[in-house]
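Work through the exercises below with the sequence and the coordinates at hand. Each task is followed by a stepwise solution.

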Amino acid sequence: MNRQFTYRSGQVADTQRLAQALASRLSGGSVIVLDGDLGAGKTTFSKAFAAGMGVQEMVNSPTFTLIKEYEGAERPFYHMDVYRLSLEEADELGLDEYFESEGITLVEWGLLIEELLPETYLHIHIAQTDIHQRMFTLTPFGSPFDEICEALTEAGVLNK
């Protein structure tokens, strides 16, 4: 079983802190899988993550467009929402080309296409514990993400 790391957010600024700390440590080809109930804060996290990558454009949920591409300061940012896709439809989109690129990919509702995900990725589950509180659970799949979570723990951002 993979190790898990946690982070509590009591306000939007806390969510932004986590997203930007994570974005600053990722390299090209990184895949982030973001899950949580409706209204848990996936889009808030995604916007802060994009800002942490230096994206200057307005970032919003790609619910109906499925994939949005943005130019970050150092590399592209690919923001996906696969909630409305079947596994077969997602497979036909050629998502692996994004996963294998030099960009960073963030997939909302990514566990719906778990079979299509690369072997190495970071899963983040957001649970709304009350109107303002969120609990982030980060599960790294692969040593690069395990090392990033360890570094964030040492920096006082995450808890084991």
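The model is predicted.

**Exercise 1.** Classify W109 as buried or exposed, then classify its ring partner Y83.

Solution.
- Step 1. The relative accessible area of W109 is 14%.
- Step 2. The cut-off for buried is under 20%, and exposed means over 50%. W109 is therefore buried.
- Step 3. Y83 has 38% relative accessibility, so Y83 counts as partly exposed.

**Exercise 2.** Determine the geometry class of the Y83 and W109 pair, and locate both residues in the chain.

Solution.
- Step 1. The ring centres of Y83 and W109 are 4.6 Å apart, with 50 degrees between the planes.
- Step 2. Stacked requires planes under 30 degrees apart and edge-to-face over 60. The Y83 and W109 pair is tilted.
- Step 3. Y83 sits in the loop between β4 and α3 (87-92), and W109 in the loop between β5 (104-108) and β6 (121-128). The two residues are 26 residues apart, and the pair links distant parts of the chain.

**Exercise 3.** Describe how strands β3 and β4 are arranged.

Solution.
- Step 1. β3 (residues 67-71) and β4 (residues 76-81) run antiparallel and are joined by five bridges.
- Step 2. I67 has M80 in β4 as its bridge partner.
- Step 3. Four residues lie between β3 and β4, which form a hairpin.

**Exercise 4.** How many aromatic pairs are there, and which residues form the ring cluster?

Solution.
- Step 1. The count of aromatic pairs is eight.
- Step 2. One of them is Y70 with F77, stacked at 5.9 Å centre to centre and 25 degrees between the planes.
- Step 3. Y70 is buried because its relative accessibility is 5%, and F77 is buried at 0%.
- Step 4. Ring pairs link Y7, F45, F49, Y70, F77 and F136 into a cluster.

Key
Residues numbered from 1 in each chain as written. Predicted model: local features only at pLDDT ≥ 70, side-chain atom pairs only at ≥ 80, totals over all residues. Heavy atoms only, no water. Pairing = 2+ DSSP bridges. Phe/Tyr/Trp six-rings, centres within 6.5 Å; stacked < 30°, edge-to-face > 60°. Buried < 20%, exposed > 50% of the residue type's maximum accessible area, 1.4 Å probe, protein only.
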